[in-house]
2 protein chains.
Amino acid sequence: MKAKVFIRLKSGVLDPQGKAVEEALKTLGYDEVKGVRVGKFIELEVDGDSKEAVEIRVNEMSEKLLANTVVEDFKVEVE
Amino acid sequence: MKAKVFIRLKSGVLDPQGKAVEEALKTLGYDEVKGVRVGKFIELEVDGDSKEAVEIRVNEMSEKLLANTVVEDFKVEVE
């Protein structure tokens, strides 16, 4: 099964990379942009019996390895 | 309006970061995982008259700055 994990910084956590992207966009003339946040997404192929089982495993992986839950939130989607 | 840009390496382009994540997952006992690919997603607040107009501008931004279209594909979603 295909799984996707979306990882973003928690709101309130400073995002210097997002800030840099925002400044760069403004320099290019895109003044209508604000609140830029940069996150990650991870695609995985996971063997499993059911969508639910895969979802549980991928949530576990995210907590243990993929996301830093101190400063990041994550969301798992299984197709 | 809220826009999201999903950026992933084109298929065929080596993804060492994905490979590293895959190995780390296997070390942790998640043997059911393969084909890990790591991408980025960027969230932006964009002022604009219509969803279509914002979509066009964000596509432009992605081509010019956010994605490296030589090795990356991107997808824009406007809410």
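## Strands across the chains

Let's start in the middle of things: A:Arg37 has B:Glu43 as its bridge partner in β2(B). Here strands (E, at least two residues) and helices (H or I, at least four) are DSSP runs, numbered from the N terminus. Another such pair is A:Ile42, whose bridge partner in β2(B) is B:Val38. Overall, strand β2 of chain A (residues 33-46) and β2(B) pair in the antiparallel sense over eleven bridges; two strands count as paired if DSSP finds at least two bridges between them.

## What kind of model this is

This is a predicted model, where local features need pLDDT of at least 70 and side-chain atom pairs count only at pLDDT 80 or more, while totals for chains, interfaces and linings use all residues. Residues are numbered from 1 along each chain as its sequence is written, chains are lettered from A and ligands numbered from 1 in the order in which they are written, and side-chain values use heavy atoms, with hydrogens and water left out.

## Strands within each chain

Inside chain A, strand β1 (residues 2-9) runs antiparallel to β2(A), with six bridges joining them. One example is A:Lys4, which has A:Glu43 as its bridge partner in β2(A). β1(A) also pairs with strand β3 (residues 72-78) of chain A, again in the antiparallel sense, over seven bridges. In that pairing, A:Arg8 stands opposite A:Asp73 in β3(A).

Over in chain B, β1(B) and β2(B) run antiparallel and are joined by six bridges. B:Ala3 has B:Leu44 as its bridge partner in β2(B).

## How the copies are related

Chain B can be laid on chain A with an RMSD of 0.0 Å, using a turn of 180 degrees and a shift of 0.0 Å along the axis. The two copies are thus related as by a two-fold rotation axis. The superposition is by least squares on the C-alpha atoms of residues with pLDDT of at least 70 in both copies. In chain B, the residue that comes closest to the rotation axis is B:Lys40, at 2.1 Å (C-alpha).

## The interface

Each side puts in its share: 31 residues from chain B and 31 residues from chain A make the contact, where contact means heavy atoms within 4.5 Å. The copies meet through the same surface, because 100% of the interface residues of chain B are also interface residues in chain A.

Between them, the chains bury about 3,000 Å², 60% of it on carbon and sulfur atoms. In chain B, the residues that lose the most area to chain A are B:Tyr30, B:Glu32 and B:Phe41, together 22% of what that side buries. Buried area is the accessible area (1.4 Å probe) that two parts lose on being put together, summed over both.

## Polar contacts and salt bridges

The interface holds 16 residue pairs in polar contact, both residues at pLDDT 80 or more. A polar contact is a pair of N or O atoms within 3.5 Å; within protein, one must be able to donate a hydrogen and the other to accept it, and residues adjacent in sequence count only if both atoms are side-chain atoms.

Salt bridges (a side-chain nitrogen of Lys or Arg within 4 Å of a carboxyl oxygen of Asp or Glu) come to twelve over all chains, and four of them are found across the interface of chain B and chain A. B:Glu32 forms one with A:Arg57 (2.6 Å, N to O), and the side chains of A:Glu32 and B:Arg57 meet in another (2.6 Å, N to O). A:Glu32 lies in the loop between α1 (16-27) and β2 of chain A and B:Arg57 in helix α2 of chain B, so this pair joins two chains.
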